[in-house]
Amino acid sequence: MGPQHWLYTVPLRLRSVFRRRRVEQELSEELQFHLEQKIEEGIAMGLSPKEARFAAMRAIGGLEQRKEEIRDMRRIHWLTDFFDDARFAIRSLSRTPGLTAFVVITLALGIGMTSGTFSMVDALIFRPYPVPHPSGVVTLVSTTHDNSFDNFSYREYLDIRSKTKSYDGVISNADMEAVGFSAEPSATPRIKGGMLVSANYFHVLGVEPQLGRGFREDEDQVPGRDAVVVLGPDFWKQEFASDSSVLGRTVRLNGTEFTVIGIAPETFPGMLIFGHPDFYMPLAMARGFSTDRQKNFFEDRDDRELYVKARLKPGTTVEQAQNELAVLAKNLESEYPKVNRNRGAALHTQFEMRTRADDINWKFGVIFITLALAVLLVACTNVAGLLLSRARSRTREIAVRLAIGAGRFRLIRMLLTESLILAFLGGLAGIAIGYGVVAWFHSFQNVIFMTDLPLSIPFQMDTRVLLASLALAALSALLCGLAPALQSTRADLVNGLKSADVDVPGRKRLWGRNVLVVAQVSTSLMLLTASFLMVRGFQHGLRDGTGFAKDHLLMTTFDPRLVQYDAAQTQRFYKLLAERVREAPGVQSEALTQNIPLGTDDFDGVAFVPDGFQMPRDRENFSSTMDTVDEGYFETMAIPILRGRSFLASDSAEAPRVAIVNQQFANHYWPGADAVGKHIRLDSRVGTLVEIVGVAQTIKYQGGTEKPMDFVYMPLTQHPIARMTLMLRSSGDPLQLIQPVKDVVRTLDPNLPMLHTMAYDDYYLNQAVKGPEIAMKLVASMGAVGLVLAIAGLYGLVAYNVSRRTREIGIRMALGAANSDVLRLVMGKGLVLVGIGTVLGLLMGFGVEHLMNSMLFNAGGVDILAYVIVVPSLFLVTMLAAYVPARRASRIAPTQALRYE
Amino acid sequence: MNGWAISLRLKSISGDVLQVSEGSLYPALHKLEQEGWITAEWKQTENNRRAKFYSLTRLGRQHLEKEAANWSRLSAAISHVVRLEEA
């Protein structure tokens with residue numbers, strides 16, 4: 001056929017769409033002409049005009065049917081039908097504005113909650129790296145018995161680079177860290193977020209700087225030689241107002257001068273989920289930053305601080321790369337038995353990394369999205385129920401349509417168009433709600449991230465989320481609309497034409513509706529149980545207390561690297577700081593600690609071997625979380641020392657190494673014995689000997705709901721750390737101590753900044769309480785929405801039942817039924833449904849509880865109280881929802897009911 | 001020719017053997033029009049009435065020839081079979 005065929009057909013089709021009225025007119029005219037000719041023929045044959053007309057009409061058949069057939073011949077009738085249906089749907093929907101509004105709002109709530117949650121899940125799991133061809137970027141990890149996602153050391157990274165063939169490039173980076181930044185040499189340094197990266201970082205990822213250049217290979221060769229820095233795009237905008245003259249300028253990072261050589265592009269905010277690095281430095285400059293002071297970053301093969309990623313060569317599969325990597329790990333194991341024993345290596349895609357079982361983001365994501373989908377399900381079932389009753393009340397209209405020849409499929413299409421429009425409106429409103437939810441998330445940014453680092457909440461309604469929401473809306477339309485459409489077009493024509501409302505007796509009639517109510521009740525129950533459990537879980541954690549005193553504490557953090565102190569100067573600073581601040585007015589006691597208790601910073605780990613312990617064959621050492629503290633710590637934080645002693649001034653750098661462990665640790669490694677006097681060796685069986693001099697009470701270290709964990713404390717004098725937090729216990733208001741501390745610091749060094757100075761109370765409130773509160777609020781709101789929807793659904797069902805059986809009720813009452821009989825009749829079915837729904841909901845609730853227990857915290861076994869409260873409440877509330885319309889039914893005067901049509 | 005004329009013609013040519021139901025004529029005409037094989041034009045009849053007149057397009061003529069050839073082949077084959085003759 002070809003294009004010439006289209007010359008005829010396309011204008012025709014366009015005409016059918018855009019010049020509808022004209023085309024319809026012509027159609028009528030054409031058939032009319034034929035009719036008239038036929039009549040004339042009849043008259044000519046001797047029939048009377050009336051008879052001729054009858055004959056002609058009979059010959060042609062139904063005029064409208066013929067017209068419809070002709071219309072069907074037009075190829076684009078799908079489109080015009082859709083427009084027709086849409087117009088009709090809008091008209092009929094606006095005739096029942098209440099119902100329409102209710103349906104739209106219900107759908108909006110369901111879709112809104114889901115899209116808001118999806119924005120979170122998208123940011124945490126699905127969003128690809130902001131680089132070209134993100135699927136080619138894989139993550140390499142070091143694996144041990146304890147840790148399947150460990151970092152590599154510098155030397156290991158170099159080995160991977162040189163000894164593998166599967167990659168187009170292997171890059172590495174350290175954690176984003178706090179760096180003292182000053183644009184002018186004389187300015188006081190401010191804390192910004194910097195990241196050490198390999199020289200090929202930008203090149204391998206495919207990121208082109210918007211100004212200047214990335215790092216050259218030779219700039220990463222000699223440790224400490226090339227002080228060059230690439231700025232992040234947001235930082236450049238904020239700090240330098242996008243001034244391009246910043247290229248070539250010198251800035252100070254942790255006191256060292258660096259030259260700005262490039263700006264990363266707008267499209268590359270960084271590879272992290274929760275933050276955008278302010279600038280990037282080459283790995284060779286590692287010494288000037290927060291790398292482990294005890295080790296040599298470039299030489300020690302067990303100084304594992306680097307994350308490694310790579311681009312797979314095209315044509316190489318993940319398996320091949322994985323095998324090659326495993327072989328390399330084995331070789332390293334035999335070459336360096338001391339540091340690489342039982343250490344393997346593995347390769348993961350971005351998706352695998354994001355969805356690993358131990359990742360807290362993944363766990364929360366799964367739970368929230370499940371709950372949100374549950375809300376959406378309830379919303380959809382509600383809407384389906386409403387649409388069913390609406391369709392039911394149009395039985396006569398549908399019967400008429402079927403009678404004059406409409407195909408069943410055509411009618412279904414018409415009804416589905418209606419639900420599509422509802423879903424579309426609901427989807428738009430839902431997306432608006434989704435934006436609201438995301439904005440709500442963003443409002444917590446300052447609460448969750450109380451640090452100086454450029455951390456932010458990445459949840460956004462980007463294209464992917466919007467598309468997903470629209471798809472969800474369309475799916476809901478199908479879900480809600482299909483069942484009613486199918487059921488109502490199956491209508492019995494004769495009965496349908498007789499009355500506006502089909503009052504067909506029989507079991508199958510309300511089957512669909514019943515299933516919906518049961519589904520709603522059970523889902524609501526599950527949602528409520530989930531929220532209750534979460535709330536209780538957090539409360540338990542909080543109520544158990546933290547184990548240390550939180551009140552009357554002032555905290556402030558120092559990092560002498562910001563003013564270029566070396567190790568000796570740093571130690572001297574802290575010694576003098578502690579001494580002088582102890583004398584300050586209002587200070588009851590002081591403490592220095594590496595980690596703020598229950599803070600967001602990661603704790604260091606310590607690798608050790610308990611002396612004389614029989615190590616299992618495949619383990620080189622055990623590991624534990626640790627903190628570095630000074631002598632005043634346990635007293636200031638009111639942590640009881642159960643056995644032995646706290647650190648003393650005599651535990652100096654020259655004295656034998658000591659440590660304090662917590663009760664959990666002591667029971668773990670020396671059960672039944674006194675840990676005081678025992679020894680551990682650091683790193684391996686022949687490492688530095690450390691004596692345990694005290695056992696401290698086990699407290700909460702990282703989070704309010706954590707399980708008890710092993711913990712080790714080391715004295716600051718023997719384990720020097722640069723960045724420490726000063727905690728001061730005050731007799732009065734802790735904020736009164738700020739000025740005295742400032743005075744003391746000024747005597748030591750007027751240039752040294754005090755970082756996030758605040759009362760510990762406030763910090764704790766935000767970190768440990770407000771954070772989880774957000775999660776709780778989200779789940780609770782989902783539970784509440786689900787419940788409201790379920791109640792509305794149940795009310796609607798019973799009210800509808802009543803309205804349809806009004807005549808029947810009238811008859812019963814006329815025959816002598818009492819009010820209570822009617823009540824029982826109407827409510828009876830409803831109660832049965834609620835009962836079934838409750839049982840199902842309980843089962844689902846058990847499942848959710850199990851899921852939460854395994855994934856999250858120690859909500860501890862089956863929480864009976866939750867069920868004791870939630871189940872009866874739900875039952876009561878749903879009973880009420882059924883009771884109200886039922887009562888109204890029992891009050892109806894029989895004569896009125898009988899009159900009802 | 002307009003629809004009415006076509007139906008009369010069909011009746012007369014086939015010697016009243018084929019009686020196209022008036023109802024199915026117009027859908028068929030419209031289908032042919034949509035396929036691009038015939039084209040239509042509104043004109044005045046002899047009695048000065050407006051009617052839609054159809055005519056074959058070039059494409060339609062080609063299609064007609066092809067279909068006519070197919071039909072000849074088919075009908076010849078069938079009649080041979082019925083008379084048990086060799087083709």
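Let me begin with a definition: a residue is called exposed here if 12 or fewer other C-beta atoms lie within 10 Å of its own, buried if there are 20 or more, and partly exposed in between. Please keep in mind throughout that what we are looking at is a predicted model.

With that in hand, consider A:Ala241, which sits in the loop between helix 9 (233-240) and strand 8 (250-253) of chain A. This residue has 8 C-beta neighbours inside 10 Å, and therefore counts as exposed. Its backbone deserves a remark, since A:Ala241 has a positive phi of about 50 degrees although it is not a glycine.

A second residue of chain A belongs in this part of the talk, namely A:Asn342, where phi, in a residue other than glycine, again takes a positive value, near 55 degrees. A:Asn342 is placed in the loop between helix 11 (337-340) and strand 12 (344-349) of chain A, and because it has 13 C-beta neighbours inside 10 Å, it counts as partly exposed.

Let me turn now to the contact between the chains, to which chain A contributes 21 residues and chain B 19 residues. On the side of chain B that touches chain A, at least two residues each come from helix 1 (3-13), helix 2 (22-35) and strand 2 (50-56) of chain B. Which of these elements gives the most to that side? It is helix 2 of chain B, with nine residues. As for the chemical character of the side of chain B that touches chain A, its residues comprise seven charged, seven polar and five nonpolar.

Methods:
Residues numbered from 1 in each chain as written. Chains lettered and ligands numbered in written order. Predicted model: local features only at pLDDT ≥ 70, side-chain atom pairs only at ≥ 80, totals over all residues. Contact = placed C-beta atoms within 7 Å. Helix = DSSP H or I, 4+ residues; strand = E, 2+ residues; numbered from the N terminus. Nonpolar A, V, L, I, M, F, W, Y, C, P; charged D, E, K, R; others polar.
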